[in-house]
Amino acid sequence: MKTFKMGGVHPEENKISSSAVIEQMPLPAQVVVLMNQHLGAPATPVVAKGDKVRVGQLIGEAQAFMCANVHSPVSGTVAKVDVCKDAFGFAKPAIYINVEGDDWVETVDRTPDIKRECNLEPQEIVAKLKEMGIVGLGGATFPAHIKYNVPEGKKAEYLIINAVECEPYLTSDHRVMMEHAEEICIGVSILRKALGVPNAYIGIENNKPEPIAVMTAMSKNFQGIIVEPLKVKYPQGAEKQLINAITGRKVPSGKLPIDVGCVVSNVGTAFAVYEAVQKNKPLIENILTVTGKKLPSQHNYQVRIGITYNDIIKHSIGELPENTGKVISGGPMMGKAVVNLDAPTTKGASSVLVMDESEARRAPETNCIRCGKCVNACPMGLEPYLFSSLVKNNRIEEAKIHNILDCIECGCCFFSCPANKPLTDEIRLGKNRVRAMMAAKK
Amino acid sequence: MKLLNISGSPHVHSDESTKKIMWRVNLALIPMLLVAIAYFGLNALLISLVSVACCVLFQWLIEKFILKVPTTICDGSAVVTGLLLAFNVPATADMIWLVAIGALVAIAIGKMSFGGLGKNPFNPALVGRVFLLISFPVQMTTWPTVGKWFPMSFDTVAGATPLGLLKEGGAEALPQAWEMFVGHIGGSLGEVSALAILIGAIYLLCRKIISWHIPVSFIGTAFIFSGILWLVNPETFVDPLTTILTGGIMLGACFMATDMVTSPMSRSGQLIFGVGCGLLTIIIRNWGAYPEGVSFAILIMNAVTPLLNRWCKPVRFAN
Amino acid sequence: MTQGILIAVIVLGVIGAIFAVVLYFVAQKFKVVEDPLIDEVAEVLPGANCGGCGKAGCRAFAEACVAQGNLDGLRCAPGGDAVAAKVAELLGCVTEAGEPQVAVVRCRPCNIGDKRRSNYDGMQSCAFAHSLYTGEGGCAFGCLGCGDCVKACLFGAITMDPDRGTPVVDEEKCTACGACVKACPRSVIELRNKGRKNRRVWVGCINKEKGADARKTCANACIGCGKCEKVCPVEAVHVNGNVAYIDHTKCIACRKCEAECPVGAIVDANFPAPVNKEKPAAPAALKPAAPAQETPVAEQPSTNNQN
């Protein structure tokens, strides 16, 4: 069975919400739509206070190159165009909308029928992705129209669909595959057409036998879609590792997947692409897992963007358990701890993971015993222990020479460290300092 | 409601800890301890107890009264040092008190003077052992009698180790390879039974506390190098099988050279480390003044470890 | 026996002689000619290698001085005027006396006790915490309290106040090298002129949020009301981006702004304690609509002498 060659760890899987069917999250009284829900510059608001908006209407326009459109997830009145504190407490431009009914724009095809034919040209597909504000839903929220617009002189040979879901706890991709297999396959076909590649590979870790079976059966009906079961190993869902696992190629330092002829998209993105291209539905909803070992129930929801964490928690489990220690947006390996539960969710949110105090607390740091576990766990072949001391002593130049910028921040080093050293934190700090140093030199 | 915690990702941990690693090493040393007790009697037990107790005590005293830092005796590393030190001395009655001196040197000079666990460049148990070997050469090379199981008495009769016999040119008196493997030979506490060492080593390998690189390259190099010498001149040199089954090569390769703190981090560095240990051991055995060279070989390679860490980088993913 | 000793002595002697000759030629070949003035300048520098001058250390500073021939744009903050005069004498140029400076902390404690909103459990580094979230108190501008400035200070002048969660500068030890200013990811620390008799006034807040939002986050926040700007006799105070800033080169330390401030965001140092008696009317003139707010008068004694 295929997997990537180097390093990696195997955290406890904890896919406890994998059997929870996707439910629809009801609309709250007000939603807050952030203008930067994607990698790059924030979108520019095109509505003003008092404007009536409908579901799917453009409210934030992409004006910069690295940017994506933002559409209204609800119908109602714009309460204000202001700033809103995001999940980490920083103020970001946002549009507040008071919800009134659920009135969609006419262009969106809301019928339940599956539309299989797509006669658009590659250029038109990319334009559609841009119009609908599609971004990568694997976590990085990279604007899709930029990814699928292959630059001059480069050629895509492989389309890889990331259905690995290597993060513990997360099950949103699992559920999407179980419930929307056909739509995903149509979405993949569309992306395949946009790139002009012969084959698309859907990588799924073999701890998900049901989705593998469903997707394999469905892919038989489509030309050029190959389901590739992969051995369970974290961080298989990282772009470079997935390319390595499926094609055996290695993305060189500082290069993009397209430089080795690969384009990687998340399975959730493929579903969003289907809805955008075939149904004209902008990216206003995503699938979100609400999970945690100590929660009374486990859920998977289809959630409109802009609903706050508090609203989601209130609807799914009532209130947080008494000794909640941490709320994480995303998986436990690479997700971010949330401090402001009044913040709205964004396009890239894949889960609300609730950990109790004992799970959330880090054990005290002890001396490094030079066991080398971090070196062996690193999927990029780096030396985390070395970065730790270099960063501490501010030897930034050396850290750069030892390829600190290749780090993908997967967290395998901290995960495996018996001394509980915050290696991933230190490396992140080091990377920031290296970038600052390089910027200062320019 | 409680305050939410915040930290950088990852938010989960493998639950691996230094403490667990050290206690697992102790567990792996138990087969050897049992063989030593069965073979050398109460002396072996007493030496081990004194050694472990002294190591733990000295570490506690130094941390509590000299360094004034939180004590870390529970992490099990002092126990590992104590056991390994005990396994490296002969099971004679003299050693019961001498090993306490060794423990003081091992902990105070070998470990705590550098800043405690993780900071020491040399294997503390070997520092203690070599100190004893140089300071008390007679006691350290007087071996108890050979070839009697369960001798429940404190009387020790001077015997000879296979290596001692070889040094004196009595190759025909050597025991058979199988006997050496299961432990029917003289020597230090821990080195009598290769079988017990292998059981412990396999446990550590399964627990992923050690990797195969150092033991295999160490023993393999010793085997090949001594094999070449033996083929060149079987009269003077020992055959390779005897070489690796006698003395401390098995113990050294599986438990001393693989010490995490003092061995290289990368796989390639570990291979070079093991090869260096193997070569130096055979060189010291055949051309040095001492019959056994494992301790010196490992200590010399410990000194090279920082260089190996510098030179032997892991293969980068994105080259 | 004697022969052995003799051989050893001769062999070692010959080896020593050979090395001596080799070393002599190598030293000649790789000789670096250096201006002796550099050594002399380096001699009078403090030698702390703090890097406050922007050079890689005291020697690099000395090299730069000698290369330039004067002290324009070069200043050793820890050495101050005394060192500058000595260096100028060596270089044979003139130097102007600079204003002595000191580091001040522009954030007043808010994340104490039950005012904390989250609990930081990560690496003890402000720079890293800043990349994660706003801080335990929820302010996106203020001090994070992990002590990067404490670690950066080579002179031991900064300590963390455990009760307040913000750093305290010992002005006796502070050399104004600026290491803490560079270390702070939020520019909470600023170098300011020490002022006459070491008396100085500054705004203890850099929160750029709108007044109401800032007050929601922190009871001590500057709300940018501009009263200080109006009352200043020398136009040293300006409100920019919802936060007041006092220009330390213009400030005459009259403390009119301090008395006027409705939230007590302006702090002073080294004034005689009973300051509030001079201006008893000022606190009474406060906006009444400032609920649950301590008057600035009540807070002044606690902030005196604490930078």
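In what sense, parallel or antiparallel, do E15(A) and E17(A) pair, and over how many bridges? In this predicted model, the two strands E15(A) and E17(A) are joined in the antiparallel sense, and five bridges connect them. Within this pairing, A:Ser329 is the residue that stands opposite A:Val352 of E17(A). E17(A) is also joined to E13(A), in this case by three bridges and with the strands running parallel, and here A:Thr291 is found opposite A:Leu353 of E17(A). Five of the six residues of E17(A) are buried, and the strand is therefore largely enclosed by the rest of the structure. In general, the strands of a sheet pair through hydrogen bonds of the backbone, and the pairing is either parallel or antiparallel.

A further group of strands in chain A forms an open sheet of four members, arranged in the order E2-E8-E7-E4 with antiparallel pairing. The edges of this sheet are occupied by strand E2 (30-34) and strand E4 (52-53) of chain A, each of which has a single partner strand, so that one side of each is left without a neighbour in the sheet. At one of these edges, E4(A) is joined by two bridges to strand E7 (residues 76-85) of chain A, and the two run antiparallel; the bridge partner of A:Lys52 in E7(A) is A:Thr77.

Taken as a whole, chain A contains 14 helices and 17 strands. Its radius of gyration is 21 Å, which is close to the 22 Å given by the globule rule for 442 residues, so chain A is as compact as a globular protein of that length. The C-alpha trace of chain A spans about 65 × 50 × 50 Å along its principal axes, and 58% of the 442 residues of the chain count as buried. Among the contacts in chain A with a separation of 6 or more, 74% are made by residues that lie 24 or more positions apart.

Chain A is divided into domain 1 (22-108 + 283-358), domain 2 (122-279) and domain 3 (373-441). The centres of domain 1 and domain 2 of chain A, taken over C-alpha atoms, are separated by 24 Å, and the contact between these domains involves 29 residues of domain 1 and 26 residues of domain 2. On the domain 1 side of this contact, the elements that give two or more residues are strand E6 (70-71), strand E13 (285-291) and strand E17 (351-356) of chain A, and E13(A) gives the most, with five residues. By class, that side of domain 1 is made up of 14 nonpolar residues, 14 polar residues and one charged residue.

The contact between the two chains takes 54 residues from chain A and 30 residues from chain B. On the side of chain A that touches chain B, at least two residues are supplied by each of strand E15 (324-329), strand E16 (336-338), helix H9 (357-360), helix H13 (412-416) and helix H14 (423-441) of chain A. E15(A) gives the most to this side, with five residues, and E15(A) is also the strand that pairs with E17(A) over five bridges. The side of chain A that touches chain B comprises 28 nonpolar, 14 polar and 12 charged residues.

Technical notes. Residues are numbered from 1 along each chain as its sequence is written. Chains are lettered from A and ligands numbered from 1 in the order in which they are written. This is a predicted model: local features need pLDDT of at least 70, side-chain atom pairs count only at pLDDT 80 or more; totals for chains, interfaces and linings use all residues. Two residues are in contact if their C-beta atoms, placed from the backbone, lie within 7 Å. Ala, Val, Leu, Ile, Met, Phe, Trp, Tyr, Cys and Pro count as nonpolar, Asp, Glu, Lys and Arg as charged, and the others, Gly among them, as polar. Domain bounds come from an automatic or database domain assignment. The radius of gyration is taken over C-alpha atoms; the globule rule is 2.2 Å times the number of residues to the power 0.38. A residue is buried if 20 or more other C-beta atoms lie within 10 Å of its own, exposed if 12 or fewer, and partly exposed in between; C-beta atoms are placed from the backbone. Two strands pair if DSSP finds at least two bridges between them.
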